[in-house]
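Reader: I'm new to this one and would like a close look at a single part of it. Could you walk me through the sheet and the helices that go with it?

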Amino acid sequence: MEFSLASDNFSKIHPEVLAAIAEANIGHATAYGKDPWTEKSNVLFKKTFGDQAESFLVFNGTAANVTSIKHLLSPWQAVICPQSAHIWTDECGAPQANTGCSLLSIQSKNGKITPDQCEAFFHGKGNQHHVQPAMLSITQSTELGTVYSIGELKELSYFAQKNKLLFHMDGARLSNAAASLKTSLKALTTDIGVDVLSFGGTKNGLMGVEAVVFLKQGLSENFQYVRKQQMQLSSKMRFLSAQMIALLEKDLWLRNATHSNSMAKLLEAHLRKDFPQLPILHPVQANAVFVQFPSTEMLLKLQKKSFFWIWDETKAVARFMTSWDTEAVFIEEFIQELKNHVL
């Protein structure tokens, strides 16, 4: 498969990341994170998110989300999240199965929720018959390719603090959000009061590593045992850490995300110009474009030429996702393919 708009998980590993892995592949190094690369990775996370940040590398985003919840909550507590959230739709019940906690989902608009929507879950506060909301979890950028503004984040943070909720951010595509808003990673997390972050690398050019980042002092205490018990402690940690160093040290995270976002905007521009009859369902603010087609049959035919995911078969909605390695010529070829099937 030479090219696809299916997912940024389909993309290649960035050459700078491969080079970093190769550079780490010399001689022996102490296992389980007691190595110079992991030490440097930890320093870079502090430089990026603040001196209080404590980072722990894991293998994938589901693990980052699940271990965060398991560490911070008890089984009788619950997480408020959008219905579009990855923890609700795409983790096969892993949060519930591994933490015992309930998820309280909210119908979101363009993937985003508001404090007013969360209020309804507090009717059973203090009632032993009801799970107790203890965490608010959002995704930035959202699963629908939209981005919470700084103002929206501050409102949610204030709501969480007022109601004594921990504030969790699924940042699998946080880099895309920061690039979209032209701001720092810290401004979208630490500075607005996020407690714990799942920081994504795999979707932004890494081979396969994410990070759990605790952004307030004291929250990370004993997390190392949770990570080990949940089978997320890498023995050859240096190769995970080397990837994060490559991502953070010279702003590769920003370069990759900026390009990915720009390719989504290019696709949007072509669609609006050449296919005004095809509705684009959500604002294109990161690296995803959701388009409604006349029929699912049309999507199935188009899939055979260039694979992508059908987001909603009943409504014939396609999700097109760009990546750090998407090229403009690929977008143009895809638009020509669309013309062959739609016009």
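Author: Here is a walk through the sheet, then the helices that pack on it, and then two helix pairs. Keep in mind that this is a predicted model.

Let's start with the sheet. It's an open one with seven strands, and if you step across it you meet them in the order S1-S7-S6-S5-S4-S2-S3. The pairing is mixed. At the edges you'll find strand S1 (54–58) and strand S3 (102–106); each has a single partner strand, so one side of each is left without a neighbour in the sheet. Ignoring direction, neighbouring strands here are turned by 20° against each other on average.

For a closer look at one pairing, pick out strand S2 (residues 77–82) and strand S4 (residues 132–139). These two run parallel and are joined by four bridges. A handy spot to find is Ala78, which sits opposite Pro133 in S4.

Now for what lies on the sheet. Helix H2 (residues 36–49) packs on it, touching S1, strand S6 (196–199) and strand S7 (210–214). The direction of H2 makes about 125° with that of S1. Helix H3 (residues 61–72) packs on the sheet too, and its list of touched strands runs S1, S2, S4, strand S5 (166–171), S6 and S7. Compare the direction of H3 with that of S7 and you get about 25°.

H2 has a helix partner as well: helix H10 (residues 237–249). Their axes come within 8 Å and cross at roughly 35°, and the crossing is left-handed. On the H2 side, look for Trp37, Thr38, Lys40, Ser41, Leu44, Phe45 and Thr48. They meet Met237, Arg238, Ser241, Ala242, Met244, Ile245, Leu248 and Glu249 in H10. Sort the residues of this contact by kind and you have eight nonpolar, four polar and three charged.

Another helix pair to look at is helix H11 (residues 252–274) with helix H13 (residues 328–342). These pack at an angle of about 30°, their axes 10 Å apart. Angles under 35 degrees count as roughly parallel, so that is how H11 lies to H13. This time the crossing is right-handed. H11 brings Met263, Leu266, Leu267, His270, Leu271 and Asp274 to the contact, while H13 brings Ala328, Ile331, Glu332, Phe334, Ile335, Leu338 and Lys339. By kind, the residues where H11 meets H13 come out as nine nonpolar, one polar and three charged.

Terms used:
Residues are numbered from 1 along each chain as its sequence is written. This is a predicted model: local features need pLDDT of at least 70, side-chain atom pairs count only at pLDDT 80 or more; totals for chains, interfaces and linings use all residues. Side-chain values use heavy atoms; hydrogens and water are left out. Two strands pair if DSSP finds at least two bridges between them. Axes are lines fitted to C-alpha atoms, for helices over the stretch in contact, and angles run from 0 to 180 degrees between N-to-C directions. Contact means heavy atoms within 4.5 Å. Angles under 35 degrees count as roughly parallel, over 145 as roughly antiparallel, 65 to 115 as roughly perpendicular and the rest as oblique. A crossing is left-handed if the near helix is turned anticlockwise from the far one by less than a right angle, and right-handed if clockwise. Ala, Val, Leu, Ile, Met, Phe, Trp, Tyr, Cys and Pro count as nonpolar, Asp, Glu, Lys and Arg as charged, and the others, Gly among them, as polar.
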